[in-house]
Amino acid sequence: MAAKGLLERLKSGENVVVAEGYLFEFERRGYLKAGSFIPEVVLEHPEKVKGLHEEFVHAGSDVVLAFTYYGHREKLRQCGRERDLEKLNVTALKIARQVADDTGTLMAGNICNSCVYEVGNPASIETTRNMFKEQIEWAVAGGADYIVAETFHNVGEALLALECIKEYGKVPAVITMGSSANGLSSDGFTHVEASRRLEEAGADVVGLNCTRGPATMMPFLGEIRQQCKGPIAALPVLYRTTPAQPTMQSLINPETGKYAFPSDLPAMACSRTAVREFARECLKIGVQYIGLCCGNSPHYIREVAEECGRSPPASRYSPNMSEHYIFGGNVKEYHAKTLLNEIRT
Ligand SMILES: [Zn+2]
């Protein structure tokens, strides 16, 4: 049986839990290079990609996002791998479709910031359009239920992505802007205004992804919720950003005094509690499309899913410290109190 569609779910008031963050997770696991950040793992270790999709679904993701982020012509060209472009996209989509079919979840295609779009440069805009077009056509041929277009710094580019999805894809479009440090797009729109314009232009879901952590993304979401009529999306990174260091790129690792991005970001990883609170706040203000971006891992997605009232397969293994021989405190022969003192003081 086909999974209930994205728009159908959102219209009936359901929340949609979305695991992203494949780039950083594969970099952490040693299958992808920080810097070029292209999804080579799709071609070199497709079984690992399938495995991570399955882990995210196990933890509660409603969506299998095909791993084509930065799998576009410009990024591959920069790395001398342009000839792998079609194979990479088709393979990623096939893996994602398979996992979605096996698990009854949705499969989304994925396009993103092109790295060539330049305001007022018609040739660059034409190149960007062609890059979107080919990836959208592969996604639809590969059976994508909808397309995620994300991490745009420029509203003009995001609008072009939306236009291309409508023209070449004819599937629902989730369009999210990268959340900048100064709260503005590179073409000068506030995050709220960007979402409003994208919605007005016909995006099915609008909002923010990447760059900011839960703490510094949240302040924008309430206003976006007020200004937009349809469903909105939030997909922060999983790092403890602050008002003084609002993005993962601005975080300073206190141990070194240097920028943490990208290798030392785990030193500022969010707690599960913070992720749970973020999901709670999203539900409270009416963010229906709740996802996690860079730094995500299955244990975080389970927090979001459980906060949404779900009990994914991974919930069978959710923490229960009453079963612990010391912390549970109910196994007399281990002298729980004495042991606890030994390891805490
Ligand atoms: Zn991200």
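**Cavities and their linings**

Student: In this predicted model, which elements each supply at least two residues of the lining of the largest cavity?

Tutor: We're after a helix and a strand here. The biggest share, three residues, belongs to helix 2. So as not to leave the strand hanging, the pair that each give at least two residues is helix 2 (22–29) and strand 4 (146–152).

Student: How many cavities of 30 Å³ or more are there, and what is the volume of the largest?

Tutor: With 30 Å³ as the cut-off, the structure holds two cavities. The largest of them comes out at about 120 Å³.

Student: Which residues lie closest to the centre of the largest cavity?

Tutor: Start with the whole lining, which runs to 15 residues. By class, they split into nine nonpolar, four polar and two charged. Closest to the centre are E20, G21, Y22, Y69 and E150.

Student: What about the second largest cavity: which residues line it?

Tutor: Its volume is about 40 Å³. The lining of this second cavity consists of T68, N89, L93, G109, N110, I111, Q135, I136, A139 and I147.

Student: Which elements give two or more residues to that lining?

Tutor: Residues in the lining include N89, L93, N110 and Q135. Going by elements that give two or more, you get helix 6 (85–103), strand 3 (106–112) and helix 7 (122–141).

Student: And how many charged residues are in the lining of the second largest cavity?

Tutor: Sort the lining by class and you find five nonpolar and five polar residues. The charged count for this second cavity is simply no residues.

Key: Residues are numbered from 1 along each chain as its sequence is written. This is a predicted model: local features need pLDDT of at least 70, side-chain atom pairs count only at pLDDT 80 or more; totals for chains, interfaces and linings use all residues. Side-chain values use heavy atoms; hydrogens and water are left out. On a 1 Å grid over the protein atoms alone, a cavity is a set of points where a 1.4 Å probe fits but cannot get out, and a pocket is an open set with protein on both sides within 12 Å along at least five of seven lines; lining residues have an atom within 4 Å of a point. Grid points are joined across faces, edges and corners, and a volume is the space filled by probe spheres set on the points. Helices (H or I, at least four residues) and strands (E, at least two) are DSSP runs, numbered from the N terminus. Ala, Val, Leu, Ile, Met, Phe, Trp, Tyr, Cys and Pro count as nonpolar, Asp, Glu, Lys and Arg as charged, and the others, Gly among them, as polar.
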